[in-house]
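Please open the model in a viewer and keep a selection panel at hand. The tour below proceeds by selections, each followed by a description of what is found there.

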Amino acid sequence: IFFKWPKIVLILVIFSTTCVFLEGGTDSWGALYMRDYLSAEGFNIGIAAIAFNGSMVLGRLMGDKLKSIFGLYNFLFISIVLSLIGSLIILISGSILISIFGFIVAGFGVSSVVPICYTLVSRIEGLDQTVGVTIITLAVYGNFTIAPPLLGYTANLLGVHYVYLPISILFFVCTALIFFNKKILKFSSF
């Protein structure tokens, strides 16, 4: 199962692991980013994680409704672009309020991507549903152990402010992948 993946499975693995990079990065590094880069104090140190996770919950609750309104492919595209915009806001912001807005946008955007990846991988013809779900699950949970240390290495090398640089780059890659693979993703979303 690990050597004969259809192209779409690889794309979905990239989408899901990129989202976990953002989730794990925010949970592990959001407070340090607020404290060390933006000089936040007290409650404001933890507000990045609260804003991100709160908007993620809201996004998950609204995900099915939004999916039915926009369609699966369009909703996936919107979600990835929102995650990219939120990550870029966090990366370039020098303000606590603007950064919090970036965390809200990123959290809302990332909230439904992994569930959509599970939906799409379970619909791939010629791939057993259990195998597809297992591949995404291994990628997601494996990345939860890899993302925080890699982002920590980035923070150590370049500074805490740049923790969101690799995340933003990964979301650029995801945006390009979804745009240039529209045909196979739309076909799988029926």
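Throughout this tour, contact means that heavy atoms lie within 4.5 Å. The model is a predicted one.

**Ser99 and its surroundings**

Begin by selecting Ser99, which is located in helix H4. Which residues does Ser99 touch, apart from those up to four places away in sequence? They are Tyr33, Leu38, Ile90 and Ser93. With one of these, Ser93, there is also a polar contact between side chains, at 3.1 Å. Ser99 has a relative accessible area of 0% and is therefore buried.

**The nonpolar core**

Next, select Leu12, Phe15, Met34, Phe103 and Tyr164. These are the residues with the most contacts inside the largest nonpolar core, which has 58 residues. At least two residues of this core come from each of the helices H1 (7-37), H2, H3 (72-92), H4 (96-110), H5 (113-121), H6 (129-158) and H7 (164-180). Colouring by helix will help here, as H1 supplies the largest share, 13 residues.

Keep Tyr164 selected and display its contacts. With neighbours within four places in sequence left aside, Tyr164 is in contact with Leu22, Gly25, Thr26, Gly30, Tyr33, Ser87, Ile90, Leu91 and Phe103. Two names in that list, Tyr33 and Ile90, also appear among the residues that Ser99 touches.

**Ile11 and the far end of the chain**

Move to Ile11, in helix H1. Is Ile11 buried or exposed? Its relative accessible area is 3%, so Ile11 is buried. Beyond residues up to four places away in sequence, Ile11 touches Leu177, Asn181 and Ile184. Now add Leu185 and draw a distance between the two C-alpha atoms. Ile11 and Leu185 are 174 residues apart along the chain, and their C-alpha atoms are separated by 9.2 Å.

**Ser79 in helix H3**

Select Ser79, which lies in helix H3. Ser79 counts as buried because its relative accessibility is 2%. Outside the residues up to four places away in sequence, Ser79 touches Gly109, Val110 and Val113.

**The buried face of helix H5**

Val113 leads directly to the next selection. In H5, the buried residues to display are Val113, Val114, Ile116, Cys117, Leu120 and Val121. Orient the view along the axis of H5: the buried residues fall within an arc of 155°, and so they line one face of the helix.

**A pair of cysteines**

Select Cys19 and Cys174 and show their sulfur atoms. Why do Cys19 and Cys174 form no bond? The two sulfurs are 6.5 Å apart, which is too far for a bond, given that a disulfide requires sulfur atoms within 2.5 Å. For Cys19, the sulfur of Cys174 is that of the nearest cysteine. Both side chains belong to buried residues: Cys19 has a relative accessible area of 0%, and Cys174 has a relative accessibility of 1%. A search of the whole structure gives 0 disulfides.

**Salt bridges**

Turn now to the charged side chains. How many salt bridges does the model contain? The count comes to 2.

For one of them, select Arg35 and Asp36. Their closest N and O atoms are 2.7 Å apart. Both partners are partly exposed, Arg35 with a relative accessible area of 42% and Asp36 at 41%.

Then select Asp64 and Lys67, whose salt bridge has its closest N and O atoms 3.5 Å apart. Both residues lie in helix H2 (residues 43-70), with a spacing of 3 residues, about one turn of the helix. An α-helix has 3.6 residues a turn, so residues three or four places apart point the same way. The accessibility of the partners falls into two classes: Asp64 is exposed, at 57%, whereas Lys67 is partly exposed, at 23%.

**Ser39 in the loop**

For the last stop, select Ser39 in the loop between H1 and H2. Which backbone feature should be inspected here? Ser39 has a positive phi, about 55°, although it is not a glycine. Most residues other than glycine have a negative phi. Ser39 counts as exposed, because its relative accessibility is 53%.

Methods
Residues numbered from 1 in each chain as written. Predicted model: local features only at pLDDT ≥ 70, side-chain atom pairs only at ≥ 80, totals over all residues. Heavy atoms only, no water. Salt bridge = Lys/Arg side-chain N within 4 Å of Asp/Glu carboxyl O. Buried < 20%, exposed > 50% of the residue type's maximum accessible area, 1.4 Å probe, protein only. Helix = DSSP H or I, 4+ residues; strand = E, 2+ residues; numbered from the N terminus. Core = buried A, V, L, I, M, F, W, Y, C linked by side-chain atoms within 4.5 Å. Polar contact = N/O pair within 3.5 Å; in protein donor to acceptor, adjacent residues only side chain to side chain. Arc of directions from axis to C-beta.
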